[in-house]
Amino acid sequence: MVYLIAFLAACLCLLVWLWYRQSRRSELFLHSLTQELLSKGEQRQPLMLTDIPESFSALVQAIQHVLLHAPLHTTKDKLTGLPNRVGFKRAITHSMPLTSGTLVLIDLYRFRYVNDLFGFAFGDTLLQLFADRLRLMPKKPRQMARMNGDEFLLYFDTCLDAKGLLEIKQLLQQPFSIQDTPVSVRLQMGYVQLAEHHADVSQMLRRADLALKRARSDKDMLAAYQQDDDISQRRELFIINNLPKALAHNQLYLVYQPKESLHHGGCEQVEALIRWEHPELGLISPAEFIPLAEYAGMIDLVSAWALEQVLMQQVRWRAEGIHIRVAVNLSVEDMQEGNLPSMVEAALARYNLPGEVLALEITESTLMSNLARATDNIVKLRGMGVKVAIDDFGTGHSSLAYLKDLPADEVKIDRAFLDGIMEQERARNIMTTSIQLAKRLGFEVTVEGVESDALRKMLAAMGADNIQGQYFARPMRALELEMDLRRLGIARRA
């Protein structure tokens, strides 16, 4: 009996030892599995495990399948490794309500030119280096994210004033070196002081975006969110939402501003200008609603409407013996449309009008955004008899190398060149040089914003071909223009 008890005890000890060994092996394997998941899971790499216990084989196969085939999480930006918009909102939501600190939205000013000049791979490297610089800031944000393209968001849990943010801005603007190429960056920064303007996450992000919009017109490229910014945005949304209805209900109308020919006398061309009289908001300036229409992707509706109105008016005028060319302004989007010439040609054919009834005015910035497409469109338009003018000449970023090859007919020198011209010799020299340069390049020259006889005579002596401004004629409705034909020097034809 004693031997039996001793044998059973030995067996029990052996079973305990085997159980402990198996448990220890399982414990060690689970530890290895955990480490592999931590190191490989983020990059979705396959697990590299050996000596897998049979009881865990099915589990490991299931994990491998998930790693290789399950959708990637969407909270991280792949390029920079920073949280993206979703990741930022998720992290911040856990800390709500945020009633202190500063939210900062950063934009790399004109970043797209880096891609245009050096290529997208170069631009990606710049974004990665900028993200690394954010991580190494002496004053570290509590949260940061890449919101989209070239915008980054920082949340500091302590309040930063404008002086402190300018110091951060200067630090982040230090030049980079990429492929032995020095790259300078300029930043635009909008910020929200959460102690004054805290709200839900979406509202705070919208306010940061409004602050950044304000920063784009600030000399330091830094601006804080202000309470009235919401009111301004509500107005903008109201205008955008009302624009299609306004076009359909004839709230928009055209006025025509004549140009005076300094060589022949009288008026040979007028410019069509859009006006909007809203039943609630009153007169809305085109300087306000045209950029909004471009931003909202509605500018093609406005341009098509304006072209139709001009051509309908030309049919009426030509029936009454009034033969005068009308200029219409085009936006960037209009000029980059590959079918613009065919659209204009079809519209002229629809009203049985020749191309000479029409002129199209294009800003320098419009031309430079896609010079090849713009040049091709200009050639086709001029082939129909449509006149093409470069508007706001001298205020854009065009190169003389480009200007010498542009097949346009006319340049219009912006009124900004008239500032101080009666008193300052420098201003007169700049105007004279601009006029002579344009003429030597083969362009007809019109000067805008002329409001006195003395200025008119000076510009005539400098060689300008035409003037436009209040001195000769203010913008007027079609009927007003018809009543003023004799003074404007427009003769009716039989």
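Helices (H or I, at least four residues) and strands (E, at least two) are taken here as DSSP runs, numbered from the N terminus. The structure is a predicted model. This briefing covers an open sheet of five strands, the packing of helix 5 and helix 8 against that sheet, the contact between helix 8 and helix 9, and two non-glycine residues with positive phi, Met-221 and Asn-352.

**The five-stranded sheet**

- The strands of the open sheet follow the order 2-3-1-6-7, and their pairing is mixed.
- Strand 2 (143-148) and strand 7 form the edges, each pairing on one side only.
- On average, and with direction ignored, neighbouring strands of the sheet are turned by 20° against each other.
- At one edge, strand 7 pairs with strand 6 (residues 187-193) in the parallel sense, over three bridges.
- Within this part of the sheet, Tyr-191 has Ala-224 of strand 7 as its bridge partner.

**Helices on the sheet**

- Helix 5 (residues 120-135) packs on the sheet and touches strand 1 (102-108), strand 2, strand 3 (151-156) and strand 6.
- The direction of helix 5 makes about 5° with that of strand 3.
- Helix 8 lies across strand 1, strand 2, strand 3, strand 6 and strand 7.
- Relative to strand 6, helix 8 runs at about 135°.

**The contact of helix 8 with helix 9**

- The angle between the axes and the distance between them serve to describe two packed helices.
- For helix 8 and helix 9 (residues 228-248), the packing angle is about 90° and the axes lie 10 Å apart.
- Angles of 65 to 115 degrees count as roughly perpendicular, and helix 8 and helix 9 are therefore assigned to that class.
- Helix 8 contributes Arg-206, Arg-207, Leu-210, Lys-213 and Arg-214, which meet Asp-229, Asp-230, Gln-233 and Glu-236 of helix 9.
- By class, the residues of this contact comprise seven charged, one polar and one nonpolar.

**Positive phi outside glycine**

- Met-221 is not a glycine, yet its phi is positive, at about 55°.
- Met-221 is located in the loop that joins helix 8 (201-215) to strand 7 (222-224).
- Buried means under 20% relative accessible area; Met-221 counts as buried because its relative accessibility is 8%.
- Asn-352, likewise not a glycine, has a positive phi of about 55°.
- The loop between helix 13 (340-350) and strand 12 (358-363) holds Asn-352.
- The cut-off for exposed is over 50%, so Asn-352, at 70% relative accessibility, counts as exposed.

Notes. Residues numbered from 1 in each chain as written. Predicted model: local features only at pLDDT ≥ 70, side-chain atom pairs only at ≥ 80, totals over all residues. Heavy atoms only, no water. Buried < 20%, exposed > 50% of the residue type's maximum accessible area, 1.4 Å probe, protein only. Pairing = 2+ DSSP bridges. Axes fitted to C-alpha atoms, helices over the stretch in contact; angles between N-to-C directions. Contact = heavy atoms within 4.5 Å. Parallel < 35°, antiparallel > 145°, perpendicular 65-115°, else oblique. Nonpolar A, V, L, I, M, F, W, Y, C, P; charged D, E, K, R; others polar.
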